[in-house]
Amino acid sequence: KDAVPTKNERISWKSQADKLLPLIPAAARSREPITFYQRPPWKSNEHVTIHCEMPGISGKHDDVSKIKAASYARINSFGSDFTIYTDGSATGGTIDVVVTCRPAEQPTVLETMTLRGAPLTSSYEEEFSAAMQAIRWISSAPAINSDSLVAIVTDSQSLCKALSSWNSSVDHLWNAMDDIPCKIIWQWLPGHSDVEGNELADQAAKRATTGEDSPRPVSINAIK
């Protein structure tokens, strides 16, 4: 049987960390704190509706003109007071939120928020961050009240499915929506379908890659 190493022979966690630290990219050293969010099961979600599909199309590979027409008809049918288009990109790490009002074909842009994302990230993570930014706008907008209806349009079907399935990865987003008095509709929209609001968000994403603001810290999921 092997002898137990003496105290001086043992490898400490600190020495191991000192060896591994130089291997971590410099961009990954600014970290988000590890946080745990759990949504209480008794919380109501009656003010939030999630649509993971677009009526009138079979999928994102349909003809662009068909997707565009179906998207405009769908967004206009909500009759929302505000329509928010969100976009997040892993390329360059950008978060973009465009707040508009009707009609969907020729939206009036009320506000555009463009932020740097994390240097090490994923498309889903940036889409989630863009969604959080949209919720922050709703929670602080003076024009929002209990009678308001806001539609949030995203081209991340994965995000919509996570919300509709109560995936624990979006508990933070659900918790943020609990404090919002108005009704919210989430609608998936196939990307690159020439829908005006979505195109505005995409253009903002391209401009964000040259922004000078500091990037968002890297999350533990991105490091993994």
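Where is the place of Glu126? Select Glu126 and look: the residue sits in helix 3, which covers residues 123–140. Keep in mind throughout that this is a predicted model.

**Stop 1: Glu126**

Is Glu126 buried or exposed? Its relative accessibility is 0%, so Glu126 counts as buried. Now add Thr121 to the selection. The side chains of Glu126 and Thr121 are joined by a polar contact of 2.6 Å.

**Stop 2: the nonpolar core**

Stay with helix 3 and widen the view. The largest nonpolar core has 46 residues. Helix 3 gives the largest share of this core, seven residues. Which residues have the most contacts inside the core? Select Ile135, Ile138, Leu173, Ile184 and Trp186. The next stops start from some of these.

**Stop 3: Trp186 and its surroundings**

Select Trp186. Set aside its neighbours within four places in sequence, and look at what Trp186 is in contact with. Go through the partners in small groups:

- Val48, Thr49, Ile50 and His51 are among them.
- Ala131 and Ile135 are also included.
- So are Ile152 and Thr154.
- Leu159, Leu163, Leu173 and Met177 complete the list.

**Stop 4: strand 6**

Now select strand 6, residues 183–188. Why is strand 6 described as largely enclosed by the rest of the structure? Five of its six residues are buried.

Turn to the strands that pair with strand 6. Strand 1 spans residues 48–51. Strand 1 and strand 6 pair in the parallel sense over four bridges. Select Thr49: Ile185 of strand 6 stands opposite.

Next, select strand 5, residues 149–154. Strand 5 pairs with strand 6 in the parallel sense too, over six bridges. Pick Val150 and find its bridge partner in strand 6, which is Ile184. You have met Ile184 before, in the list of core residues with the most contacts.

**Stop 5: helix 5**

Select residues 171–178, which form helix 5. How many of the eight residues of helix 5 are buried? Six are, and the helix is mostly covered. Colour the buried ones: Asp171, Leu173, Trp174, Ala176, Met177 and Asp178.

What covers them? Show strand 1, helix 3, helix 4 (157–164) and strand 6, which are included in the cover.

**Stop 6: the aromatic pairs**

How many aromatic pairs does a search of the whole structure find? It finds two. A pair of aromatic rings is described by the distance of the centres and the angle of the planes.

Select Phe82 and Trp137. This pair is edge-to-face, with 5.5 Å from centre to centre and 70 degrees between the planes. Phe82 belongs to strand 2 (residues 82–89) and Trp137 to helix 3, so the pair ties together parts that are 55 residues apart in sequence. Both Phe82 and Trp137 are buried.

Now select Trp166 and Trp174. Their rings are stacked, 4.6 Å centre to centre, with 5 degrees between the planes. Compare how open the two residues are. Trp166 has a relative accessibility of 38%, so it counts as partly exposed. Trp174 has 1%, so it counts as buried.

**Stop 7: loops and backbone angles**

Select the loop between strand 6 and helix 6 (196–208). His192 lies here, and so does Asp194. His192 has a positive phi of about 55 degrees although it is not a glycine. Asp194 also has a positive phi, near 65 degrees, and is likewise a residue other than glycine. His192 is exposed, at a relative accessible area of 67%. Asp194 is partly exposed, at 40%.

Move to the loop between strand 3 (94–101) and strand 4 (108–116), where Pro103 lies. What kind of peptide bond joins Arg102 and Pro103? The bond is cis, with omega at about 0 degrees.

**Last stop: Ser214**

Select Ser214, in the loop between helix 6 and helix 7 (220–223). At 63% relative accessibility, Ser214 counts as exposed. Add Arg116 and check the C-alpha atoms. They are separated by 6.7 Å, although Ser214 and Arg116 are 98 residues apart along the chain.

Methods. Residues numbered from 1 in each chain as written. Predicted model: local features only at pLDDT ≥ 70, side-chain atom pairs only at ≥ 80, totals over all residues. Heavy atoms only, no water. Helix = DSSP H or I, 4+ residues; strand = E, 2+ residues; numbered from the N terminus. Buried < 20%, exposed > 50% of the residue type's maximum accessible area, 1.4 Å probe, protein only. Polar contact = N/O pair within 3.5 Å; in protein donor to acceptor, adjacent residues only side chain to side chain. Contact = heavy atoms within 4.5 Å. Core = buried A, V, L, I, M, F, W, Y, C linked by side-chain atoms within 4.5 Å. Pairing = 2+ DSSP bridges. Phe/Tyr/Trp six-rings, centres within 6.5 Å; stacked < 30°, edge-to-face > 60°.
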